[in-house]
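Thanks for coming. I will show one chain today and go from a single contact out to the sheet around it. Here it is.

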Amino acid sequence: TVTGVQTCALPICVVMHLNSGDEKVQRGALNNIRHLYQEVGREHLQVELVVHGAGLALLIKGTTGFGSELAQLKNEYGVQVTACSNTMKAMNVTREQLLDEVGDTVPAMVRLMERQEQGWAYIKP
């Protein structure tokens, strides 16, 4: 793999793709993640939220209205959050400006491609 990401060891692996700055779409994506875990169970499911473009606002301290929801998803379910390094560069956003819940900062298209090659289900809300 290009970035050396670990594959998913659980039965169901989902990569969720978010590139919308619309708060309704962002809220919907977070609700989708929560509902997946409620239906399938943490022991069977791993979700990675890959965010780029206008969606990056979801992950920036001081601009997001969903910081507590993201923290809860990470704490309760272990959701991985990945920010696009190319979008960060284009928007002059530093790692320090991102929420603590953000794990990797890598090119979003590369991560989405890798996850699909690894057999992860792809969802774009």
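Which side chain does the side chain of T82 join through a polar contact of 3.3 Å? The partner is R111, side chain to side chain. Before I go further: this is a predicted model, so take the distances as computed from predicted coordinates.

On confidence, the chain averages a pLDDT of 94, and 95% of the residues score at least 70. Among the elements, helix α3, residues 85–90, has the highest mean at 98, and β4 has the lowest at 95. As a general caution, where pLDDT is low, the predicted coordinates should not be read in detail.

Back to T82. T82 is a residue of strand β3. Is T82 buried or exposed? Its relative accessibility is 1%, and because the cut-off for buried is under 20%, T82 counts as buried. R111 is 29 residues from T82 along the chain, and their C-alpha atoms are separated by 8.6 Å. Leaving out residues up to four places away in sequence, T82 touches E48, L49, V50, V51, L59, D104, V106 and R111.

Now the sheet. In what order do the strands stand? There are 5 of them in an open sheet, ordered β4-β3-β2-β1-β5, with parallel pairing. The edges are β4, 102–106, and β5, 121–123; each has a single partner strand, so one side of each lacks a neighbour in the sheet. From one strand to the next, the twist averages 25°.

I will take the pairs starting from β4. Strand β3, residues 80–84, pairs with β4 in the parallel sense over 3 bridges. Within that part of the sheet, V81 stands opposite V102 of β4. On to β2 and β3: they run parallel and are joined by 4 bridges, and V51 stands opposite A83 in β3. The connection from β2 to β3 passes through helix α2, residues 67–77, and this β-α-β crossover is right-handed.

Then β1, residues 12–18, which pairs with β2 in the parallel sense over 7 bridges. M16 has L49 in β2 as its bridge partner. A right-handed β-α-β unit is made here too, by β1, helix α1 at residues 23–40, and β2.

How many of the residues of β2 are buried? The strand covers residues 45–51, and 7 of its 7 residues are buried. In general, the side chains of a regular strand alternate between the two faces of the sheet. In β2, L45, V47, L49 and V51 point one way, while Q46, E48 and V50 point the other way. Both sets are buried, and that includes the polar-named entries on the list, Q46 and E48.

One last residue, this time outside the strands. T64 is in the loop between β2 and α2. With a relative accessibility of 17%, T64 counts as buried, because the cut-off is under 20%. A polar atom of the T64 side chain lies 3.0 Å from the backbone nitrogen of F66. Not counting residues up to four places away in sequence, T64 touches A57, L58 and L99.

To close, two threonines to look at on the screen: T82 in β3, with its side-chain contact to R111, and T64 in the loop, with its side chain facing the backbone nitrogen of F66 at 3.0 Å. That is what I have.

How values were computed:
Residues numbered from 1 in each chain as written. Predicted model: local features only at pLDDT ≥ 70, side-chain atom pairs only at ≥ 80, totals over all residues. Heavy atoms only, no water. Pairing = 2+ DSSP bridges. Axes fitted to C-alpha atoms, helices over the stretch in contact; angles between N-to-C directions. Buried < 20%, exposed > 50% of the residue type's maximum accessible area, 1.4 Å probe, protein only. Right-handed = clockwise from strand over helix to strand, strands pointing away. pLDDT = per-residue confidence, 0-100. Contact = heavy atoms within 4.5 Å. Polar contact = N/O pair within 3.5 Å; in protein donor to acceptor, adjacent residues only side chain to side chain.
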